[in-house]
Each structure stands twice: as structure tokens, then as C-alpha cells.
Amino acid sequence: MSTREINQAKPKKSGSVFPTTHWTVINALKQVNHEDKESLFVDFVEQYTPAFRYHLIYGRGCTQEADLDDLIQGFLSDKFVFKNILDYVHEDKGRLRDYLRRCLDNYVYEQHRSKSSAAWDKRVSWEEFASEPAGAEASETVCPFDVGWAKTVMTEAIIRTKDQFFHSQRQHVWDVFDLCIVRPLFTEVQAVPYEKLAEQLGLSKKAVQNRRVSALRAFGKHLTAVIAEYVGNDSQLIDAEVAELNQIMRSEAFQEAREEHSK
């Protein structure tokens, strides 16, 4: 693989936490030398680690910080370093994050069953995952891993939205978005009514409503850009991911995790 291709696979440094696409990175990891592979690998796993942690806490009941760190480090070491599961994935055979979540679940199960077992001998294969029943993905149940991933994506889009309005010296737009949308979404704090917010910010009710619309439009653009960075520029894939993120954020699993976090 050429230096140019390696650089294209690396995350952009201008505020982006995602590479051009995750499949670009995976293809690069299969071809690059050891030194370049290490750098790409670190960038890649950093994106998924928050979802790994979220899944272990809310999906597997692992709440001790030391246990969390041990499980994640062991999973990364066993499945990515010694036996690179990314060598077995293919872009046309299913969604990457579902495969990673299944691998994490298998690893945790194997560790609980026997600390000395040869975990990799009983790994889930990409082909096995891809042959799951058709109805499995259509289930209304949202797993904690997807909740963690949704929070990672949404948070990045929110940060970019905030940066946009702070850099353009339109902090009032961000304040409206934060108090009307962001805080109610991620905490149990109720949205501030337009009338009260108008009084707080020294604006008219109509001005507050207009700023909310402007903020939502900006957020929508940033969210689309973030998603495109890991699924590519296919509009159908982006629309499908947006729809799924909306479903996750409205799910009972997300609400339960939000309530637990607010305690």
C-alpha cells in the first residue's frame, strides 16, 4: 500500500474522529507494514472503545472500572493483536459494528467460563455472523453497544455544531440548541420553554424559535458529515444510518441508560 493510501485511511486531524470510512481503514490494516499498522489500529479502536465500555456496563453488568479496563484491554490484545479479527471481515457481508459487538460478547463469555480456555478456537466468524436469521436485525430491541455507538456519533456532531456557532460568534444559537435539544436528550433535564429562554437570552420568542431551527439545520449537516466519514458518501447508507440513530435515541435502552447516568 502506498503512503498516499495510508494517509487517506488515517483520521483527518481537522476535528474529525472518524476516518474516511471504516472499511478504508480495515483494507489498509490488511496491507500495511507493522509500523503503519500500529498507528492505524490505535486510531480505529479509539473510535469503538466508548461503545465497548457502554456495552459492558449496560449490557453485561460490568461496573467495576478495573474489570472494564481488563476486559477491554484483553479483548483488544487477544482479538485484534494476536488474532486479528479484522482480517476476517468483508464489506459486503454485514455491518462491522455488529460483528465487533458479537466478538466482544463471545470474549466476555469465554473469560467467565474459563480463564485458561483457548478463546480464539471458539470465535465467531464473519461468515457465521453474516448468516444470522433475516429477522435478527429487524428486532425492536436495541442493544447497549448500539446505544454507545449512537452516543459517540451524536456527540461528535454536537461538538462540531457548538464549534461552528462559537467560531462564528453566534453563541446564542448554541445556547438555544443546548437548552432545548442537547441537555434534554442526554439528561433528565427538561427543555427550557421558549418564553423563559427568550427572557434569559434577551431575545423575542420568535428569535429563539428561529435560532432553534438554524441550530437543527447545522446539526443535521454535521451529523450527515460524521456518518459519511464511516459509511461513505452513499446517500442511501447515510439515510439508513440516520434512521437507525433516531430509533436508538428513542429506544427504551437509551432512556434507561440516560436515567442510570443521571443518578
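Q: Where in this predicted model is Leu56 found, and is Leu56 buried or exposed?
A: Leu56 is found in helix H3. Its relative accessible area is 0%, and a residue counts as buried when that value is under 20%. Leu56 is therefore buried.

Q: Which residues surround Leu56, once its neighbours within four places in sequence are left aside?
A: Leu56 is in contact with Gly61, Cys62, Leu68, Leu71, Ile72, Leu104 and Val108. A separation in space may also be read between C-alpha atoms: those of Leu56 and Asp67, 11 residues apart along the chain, are separated by 9.7 Å.

Q: What is the overall make-up of the protein chain in helices and strands?
A: The protein chain holds 12 helices and 0 strands. Its pattern along the sequence is accordingly written α-α-α-α-α-α-α-α-α-α-α-α. Of its 263 residues, 44% count as buried. Among contacts with a separation of 6 or more, 69% come from residues 24 or more positions apart.

Q: How should one read the sides of a helix, and which residues of H11 are buried?
A: An α-helix has 3.6 residues a turn, so residues three or four places apart point the same way. In H11, the buried residues are Ile238, Glu241, Glu244, Leu245, Ile248 and Met249. They cover an arc of only 130 degrees around the axis, which means that they lie on the same side of H11. On the other side of this helix, Gln236 and Asp239 are exposed.

Q: What is the span of H11, and what is found at its start?
A: Helix H11 comprises residues 235-249, 15 residues in total. From its first C-alpha to its last it reaches 21 Å, close to the 21 Å expected at 1.5 Å a residue. At the start of H11, a side-chain oxygen of Asp234 comes to within 2.8 Å of the backbone nitrogen of Gln236.

Q: How is a salt bridge to be understood, and how many salt bridges does the count give?
A: Side chains of opposite charge can pair when their charged atoms come close. With a cut-off of 4 Å between the side-chain nitrogen and the carboxyl oxygen, the count comes to 11 salt bridges. One of the pairs is Asp69 with Arg53, at 3.2 Å from N to O. Asp69 lies in helix H4 (residues 65-82) and Arg53 in helix H3 (residues 34-58), so this pair ties together parts that are 16 residues apart in sequence. Asp69 is partly exposed, with a relative accessible area of 34%, and Arg53 is likewise partly exposed, at 22%.

Q: Which salt bridge does Asp146 form, and where is Asp146 placed?
A: Asp146 is placed in helix H7 and forms a salt bridge with Arg97, the closest N and O atoms being 3.3 Å apart. Helix H7 spans residues 144-167 and Arg97 lies in helix H5 (residues 96-113), so the pair ties together parts that are 49 residues apart in sequence. Both Asp146 and Arg97 are buried; the relative accessibility of Asp146 is 8%. Not counting residues up to four places away in sequence, Asp146 touches Arg95, Arg97, Asp98, Glu244 and Ile248.

Q: What links Arg97 to Glu241?
A: Arg97 also forms a salt bridge with Glu241, in which the closest N and O atoms are 2.9 Å apart. This pair links distant parts of the chain, with Arg97 in helix H5 and Glu241 in helix H11, 144 residues apart. Both Arg97 and Glu241 are buried. Salt bridges that share partners join Arg97, Asp146, Glu241 and Glu244 into one network.

Q: How should a backbone phi angle be read, and what is the phi of Gln169?
A: Most residues other than glycine have a negative phi, and most peptide bonds are trans. Gln169 is not a glycine, yet it has a positive phi of about 55 degrees. Gln169 sits in the loop between H7 and helix H8 (171-186). At 73% relative accessibility, Gln169 counts as exposed.

Q: What is the mean pLDDT of the protein chain, and where does pLDDT stay under 50?
A: The mean pLDDT is 76, and 69% of the residues reach 70 or more. The value stays under 50 over residues 1-20, for which the model has 48 contacts beyond four places in sequence. Over residues 116-139 the pLDDT is also below 50, and this stretch has 48 contacts in the model beyond near neighbours in sequence.

Notes. Residues numbered from 1 in each chain as written. Predicted model: local features only at pLDDT ≥ 70, side-chain atom pairs only at ≥ 80, totals over all residues. Heavy atoms only, no water. Helix = DSSP H or I, 4+ residues; strand = E, 2+ residues; numbered from the N terminus. Expected span 1.5 Å × (residues − 1). Buried < 20%, exposed > 50% of the residue type's maximum accessible area, 1.4 Å probe, protein only. Arc of directions from axis to C-beta. Polar contact = N/O pair within 3.5 Å; in protein donor to acceptor, adjacent residues only side chain to side chain. pLDDT = per-residue confidence, 0-100. Contact = heavy atoms within 4.5 Å.
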